[in-house]
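Me: Could you pick one part of this model, take a close look at it, and then work outwards from there? I'd like one connected walk-through, please.

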Amino acid sequence: MDYFSKKTQKHKKMKKLLGLSVLVILLMTACDDEEPVVPEPGDIKLTLLHSVDDQNLQIGEERIYMSPVGHPFSVSRLKYYVSNFSFHKNDGSKYDTDIVHYREEGIEDTKSFILEKVPSGEYDKISFIYGLDEATNVDGGLENTLTNQNMIWPIPGDQGYHYMKFEGRYDSLSTGVILNFNLHTGATQNNQNYVEITLDLPNKVIIDNNTWEIDLVMDMMEWLQNPTDYDFAEFGQAIMMNQNAQEVLKANGTDVWSVDRVAQQ
Amino acid sequence: MIVLFVGSSCDDEGPMVIDLPDYDPTPYNLAYPEYLPIMEIPEDNPMTEEGVALGRRLFYDPILSADSTLSCAGCHKIEYSFTDERQFSVGIDGSEGTRQAMHIVNIGWMPDLFWDGRSQGAEAQALEPVENPIEMMDTWPNVINKLKAHQEYPELFYAAFGEEEITKEQAVKAIAQFERTLISGNSRYDAIVERNEGFFTDAEQEGFEIFNTERGDCFHCHGGILFTDNLFHNNGLDAVFSDLGLEDVTGDPLDRGLFKTPGLRNIELTAPYMHDGRFQTLEEVIDHYSEGLVHSETIDPLMKQIAQGGIQLTQQEKNSLLAFLKTLTDTSFINNEAFKNPFE
């Protein structure tokens with residue numbers, strides 16, 4: 001063999017050795033504990049808070065608020081359903097749920113709820129229904145519990161449940177006596193009347209085998225304004241069968257919610 | 001074979017040894033119409049045949065009172081749907097109460113009992129009348145001694161609870177088990193609305209609509225299949241309250257004059273009405289909600305048209321509402337053999 005073929009042979013050997021070494025290294029790394037990581041589902045904990053005038057809603061007569069129309073009012077009760085939470089990714093895909101959650105101001109147990117096994121990924125929007133969708137809002141559509149019995153909407157000809165009971169007292173000014181307001185919303189005379197809410201998240205929820213917390217705030221004053229100032233006296237106390245009143249509240253209800261906090265637990 | 005040592009108070013010969021069978025209670029199959037909600041039974045008091053039978057005996061047994069003259073049934077009479085026809089019940093020494101006995105129907109679905117809701121659950125409620133000086137006027141230790149000395153109760157208690165000695169906790173558990181069986185779901189209302197059997201008369205139908213719309217607005221407190229929301233309301237009876245109601249329990253002035261919403265099943269049978277039995281008839285009750293509301297600081301936000309004194313029903317509407325309320329009467333309930341006095 002001449003010098004070059006010796007060199008070629010040596011080169012070939014070295015190539016083989018190199019190749020073998022690379023193979024060994026690859027095999028070694030392949031046998032490590034580190035397998036390629038697949039993102040896993042996680043949980044999202046939702047908390048529903050209530051505010052008026054940028055402060056926590058206070059129940060009872062000590063706290064008097066001023067309605068946009070000019071009625072001093074206090075809040076006695078707030079009970080409602082939210083449902084069908086969906087989480088949106090920026091590619092337009094989303095994760096839907098058909099959860100129904102009952103929330104009552106003053107009942108701590110109802111303040112938060114957890115959605116489990118949310119698929120991994122980055123979510124930048126949340127949407128839900130204030131109230132119940134048409135399929136759920138039928139007689140017997142919800143589980144037959146004491147709580148759901150108390151929300152039944154029994155108007156003959158209608159079906160389902162109250163979406164919201166927002167009750168309190170207001171100073172009527174014109175007659176000088178304190179009257180009651182009962183903002184009870186729900187489906188009546190074939191109008192579904194639920195409110196669809198979509199909110200951008202100020203920072204993304206990134207699910208990967210973890211838990212994220214989203215706090216939502218409902219500004220109760222916004223039920224009484226934007227776009228229409230709600231006059232307790234105009235519609236009177238009984239509005240369940242008053243579709244005009246229901247529509248005013250439904251329109252006002254589109255912007256009552258905001259996102260207060262998004263954080264990984 | 002279980003050997004039970006019975007403590008004897010008499011002599012030096014040591015405790016009696018009684019051979020008793022194994023503790024093997026039979027689960028009680030509590031059946032009720034599917035349109036009623038699921039009844040949550042406390043985990044520490046599962047329903048058994050032996051427990052229910054014992055509770056029924058105790059309910060009707062005057063042994064629970066100091067002079068052995070007054071049983072639960074003495075004020076909670078089956079023919080009146082387990083309430084008293086008197087405005088105020090009378091204790092063993094002739095003392096009168098200050099509130100009308102509440103009727104015992106569907107209490108298994110009631111988280112709080114008494115007009116002021118001070119007892120959570122039937123077990124807690126049953127502790128009170130025995131020691132109440134204006135009712136049975138006894139003490140539980142004394143009652144337990146009477147039960148232990150009784151010819152049959154030790155065996156019945158053992159069969160129900162399997163414990164060495166009779167306790168007051170067992171006694172009220174048994175009574176609670178019996179009371180949970182007192183279920184009404186078979187009135188004409190149920191047949192018509194829940195089972196599509198038959199029809200309301202025109203008057204009853206009008207009454208149904210008044211009840212279930214904001215015209216009468218009854219449903220906001222007396223709604224659902226239980227005809228009560230199990231909550232507390234000031235329904236405009238007085239401007240000033242001598243009986244503070246819920247405030248007695250919570251100490252909160254915002255709860256002054258609030259009383260528990262009673263269920264309306266069998267309401268035709270349970271006169272007189274309200275916490276103090278002030279209304280003798282259902283007509284008076286309807287008149288109250290129609291014209292008789294009295295304002296107070298804590299009057300419920302749901303009360304409608306307070307400024308006018310109420311919902312201003314016409315005479316025809318009042319008649320119709322009354323007709324509807326009568327459809328809630330369940331004769332199968334008051335005639336149920338299983339609810340009657342086992343000693344008779």
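Reply: Let's agree on a word before starting: a residue is buried if 20 or more other C-beta atoms lie within 10 Å of its own, and exposed if 12 or fewer do. Keep in mind, too, that this is a predicted model.

The part I'd pick is helix H4 of chain A, residues 243-252. Its buried residues are Ala245(A), Gln246(A), Val248(A), Leu249(A), Lys250(A) and Asn252(A). So what sits over them? The cover includes strand E10, strand E11 (195-207) and helix H3 (232-235), which belong to chain A as well.

Follow each of those covering pieces and you run into some backbone oddities. As general background, most residues other than glycine have a negative phi, and most peptide bonds are trans. Between E10 and E11 of chain A there is a loop that holds Gln189(A), and this residue goes against the habit with a positive phi near 50°. Gln189(A) counts as exposed, because it has 11 other C-beta atoms within 10 Å. On the way into H3, the loop that starts after strand E12 (211-219) of chain A contains Pro227(A). The bond joining Asn226(A) to Pro227(A) is cis, with omega near 15°.

E10 also leads to the partner chain. The contact between the chains takes 24 residues from chain A and 20 residues from chain B. On the chain A side, E10 (178-186) supplies at least two residues, as do strand E4 (72-88), helix H2 (146-149) and strand E9 (162-171). That side of chain A splits into 10 nonpolar, 11 polar and three charged residues.

Over in chain B, there are 12 helices and six strands. The C-alpha atoms fill a box of roughly 80 × 45 × 35 Å along the principal axes. A compact globule of 344 residues would have a radius of gyration near 20 Å, so the 22 Å of chain B agrees with that. Buried residues make up 45% of chain B. Of its contacts between residues at least 6 apart in sequence, 64% join residues at least 24 apart.

Two helix pairs in chain B are worth zooming in on. In one, H1 (residues 49-59) and H4 (residues 153-161) have axes that come within 7 Å and cross at roughly 140°. That makes H1(B) oblique to H4(B), and the crossing is left-handed. Glu50(B), Gly51(B) and Leu54(B) of H1(B) make the contact with Leu156(B), Phe157(B), Ala159(B) and Ala160(B) of H4(B). By class, that is five nonpolar, one polar and one charged. In the loop between H1 and strand E3 (112-113) of chain B you'll find Ser81(B), another non-glycine with a positive phi, about 60°. Ser81(B) is buried, because 23 other C-beta atoms lie within 10 Å.

The other pair is H10 (residues 282-291) and H11 (residues 315-326) of chain B, which pack at about 125° with axes 10 Å apart. They are therefore oblique to each other, and their crossing is right-handed. Here Leu282(B), Glu283(B), Ile286(B) and Ser290(B) meet Lys318(B), Leu321(B), Leu322(B) and Leu325(B), giving five nonpolar, one polar and two charged residues. The loop between strand E6 (259-260) and H10 of chain B holds Pro272(B), and its bond from Ala271(B) is cis, with omega near 0°.

How values were computed:
Residues numbered from 1 in each chain as written. Chains lettered and ligands numbered in written order. Predicted model: local features only at pLDDT ≥ 70, side-chain atom pairs only at ≥ 80, totals over all residues. Axes fitted to C-alpha atoms, helices over the stretch in contact; angles between N-to-C directions. Helix = DSSP H or I, 4+ residues; strand = E, 2+ residues; numbered from the N terminus. Parallel < 35°, antiparallel > 145°, perpendicular 65-115°, else oblique. Left-handed = near helix turned anticlockwise from the far one by under 90°. Contact = placed C-beta atoms within 7 Å. Nonpolar A, V, L, I, M, F, W, Y, C, P; charged D, E, K, R; others polar. Rg over C-alpha atoms; globule rule 2.2 N^0.38 Å.
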